[in-house]
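Let's take a walk through this protein together, one pair of helices and one single helix at a time. Have the model open and ready to rotate.

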Amino acid sequence: MELTLQPPAESLVTAPATPPRPLRLPVAVALAVLAGAALLLSLPPYGQWWLAPVGVAGFAAAAHRRRLRGGAGIGFIAGLVLFVPLLDWTRLAAGWLPWMLLSFAQAGIFALLGLASAWASPLLDRRRWLWPPLAGLLWVSQEALRDRAPFGGFPWGRLAFSQGDAPALRLAAYGGAPLVTFAVAAAGGALVALAWRRSISWPAAGFLVAAAALIAGPAAVPVAHPGSTGKLVAIVQGNVPRLGLDFNEQRRAVLDNHVNATIQLAAQVADGKARRPDLVVWPENSSDIDPLRNPDAAQEITAAANDIGAPILVGTVLRTDKPSDIQNAGILWRPGTGPDLSQEYVKRHPVPFAEYMPLRPIARLVTDKVDLVQNMLKGDHPGVIRTGPAVLGDVICFEVAYDGIVRDTVTGGAQLLTVQTNNATFDNAEAEQQLAMVRLRAVEHGRDSLMVSTVGVSGFVGTDGNVHGATGFNTPAVVLRDMRLGGPTTLATRLGQWPEWTGVALTVVALAGVLPLRRRRTTIDEAARKAEER
């Protein structure tokens, strides 16, 4: 009798498929470094905007299929490579410790982006076509968080701010900075989906077409045209005797520089060498001497306004009855009548740790230098200033980075956007980064815009995002330009925060939808481990 031996039943069970693996760790770390570098170079002062989607693609590839802790590490590395050099200008004013703390805080939020990218890997492996939209949603959500936390947020380094010379900038008129960021990140998602394929196929061709459409397609999108009524506006960049923190010790000299430059312009007008402006705009801190409390400063500004024969928007620091409390303000100074206190804007978003000190008692345990920071009081209304010739939407310095603060002025009736800033404690790179934000705001709200700085860069921006009359850095300058008032309300202005909140909500839904897939992958991993043990 012939015996047939049967293998054990469990040997007939098909071994589970090996789960897909991430890139090798050294490769992923190198890719994270390159991604952070690409994002850095896409932003001013480098301005290689086309590197932004490349950086997003590298980031996504490095984090894909990693464990959550590994994804967070990838994000943190890329964030440090981006933010440490990007925010180097903060070191000039505050030293190395605040610079490092801010850079590490921003990189920490990038770590969450890396974690979310790793979490979403099972979904992307099953539905590769989701890579572009999901990349866009993750980056929009990451920026929404950085714009608000901690201590009111710090939106520097947004993808949208890298696109000043790119076709994608035009999308700002339809969905603001979040839509621009979405398009750039989605293009990066399409690039990584294309690179992850092992062969040329129709899906690969689709990803290539999608990337090209997202990068170049917005060039065909129309932007808003300004109104037909024009006013001649002068910006005065008076400069400071010395750059650095001690510019505050030169308050009278800085005020004199702006007064004298305005009086010289008035002399040119009288000689027929220049047209008389309808409005003059001075920068933030152009009068750090409170002109409402100091008669000498008031007299100087009044003389300048009377000579030029036009209202001047003066950037000043107002003292209060409490010596430690101040206000950063823009005040309209009219010829003949002086300050118009009904047309005053007080900065609504002071910078934490620079213009006010959060958690002061705790911070004092670390260093007594916290008491060098005064308490800058917040304003309570948008910067809508009715000058007579035009209605200005005024924001001060870093406020231009915050979507809602700028939009509030336009919905309040602003016909022109003005950004008063003081870059004397920073450098040319920071000034160019701010100007990139002004370019986006001009397109976003369909308003002619300007930025005026104590030391530069100052300039005018049209509703197409193009810069006109840009000044140099650390030099005095006076520039005049005809600016068009008002114009149609853009879709971005009407929608407000809805595009961003929609993106955040869809991100939450997508990440929640990954949970069943991750549970299944955990089951497969466990089965594979047991099979290897047998």
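At roughly what angle do the axes of helix H1 (residues 25-42) and helix H3 (residues 68-86) cross? Bear in mind that this is a predicted model. The two axes cross at roughly 35 degrees and come within 8 Å, and the crossing is right-handed. On the H1 side, the contact is made by Ala28, Val29, Ala32, Val33, Gly36, Ala37, Leu39 and Leu40. H3 answers with Ile74, Ile77, Ala78, Val81, Leu82, Pro85 and Leu86. By character, the residues of this contact divide into 14 nonpolar, one polar and no charged.

Now move along the chain to helix H11 (residues 295-308). With 14 residues at 1.5 Å a residue, H11 should span 20 Å, and its end C-alpha atoms are indeed 20 Å apart, which agrees.

Which residues of H11 are buried? They are Ala297, Ala298, Glu300, Ile301, Ala304, Ala305 and Ile308. These buried residues cover an arc of only 165 degrees around the axis, which puts them on the same side of H11. An α-helix has 3.6 residues a turn, so residues three or four places apart point the same way. Turn to the face away from the buried side and you will find the exposed residues Pro295 and Gln299. The buried residues, for their part, pack against helix H10 (251-270) and strands S2 (279-281), S3 (312-319) and S4 (325-334).

Finally, zoom out. The protein has 17 helices and 13 strands, and 53% of its 534 residues count as buried. Among contacts between residues at least 6 apart in sequence, 72% join residues at least 24 apart.

Conventions:
Residues are numbered from 1 along each chain as its sequence is written. This is a predicted model: local features need pLDDT of at least 70, side-chain atom pairs count only at pLDDT 80 or more; totals for chains, interfaces and linings use all residues. Side-chain values use heavy atoms; hydrogens and water are left out. Axes are lines fitted to C-alpha atoms, for helices over the stretch in contact, and angles run from 0 to 180 degrees between N-to-C directions. Helices (H or I, at least four residues) and strands (E, at least two) are DSSP runs, numbered from the N terminus. A crossing is left-handed if the near helix is turned anticlockwise from the far one by less than a right angle, and right-handed if clockwise. Contact means heavy atoms within 4.5 Å. Ala, Val, Leu, Ile, Met, Phe, Trp, Tyr, Cys and Pro count as nonpolar, Asp, Glu, Lys and Arg as charged, and the others, Gly among them, as polar. The expected span of a helix is 1.5 Å times one less than its number of residues. Buried means under 20% relative accessible area, exposed over 50%, partly exposed in between (1.4 Å probe, protein chains only). The arc is that of the directions from the helix axis to the C-beta atoms.
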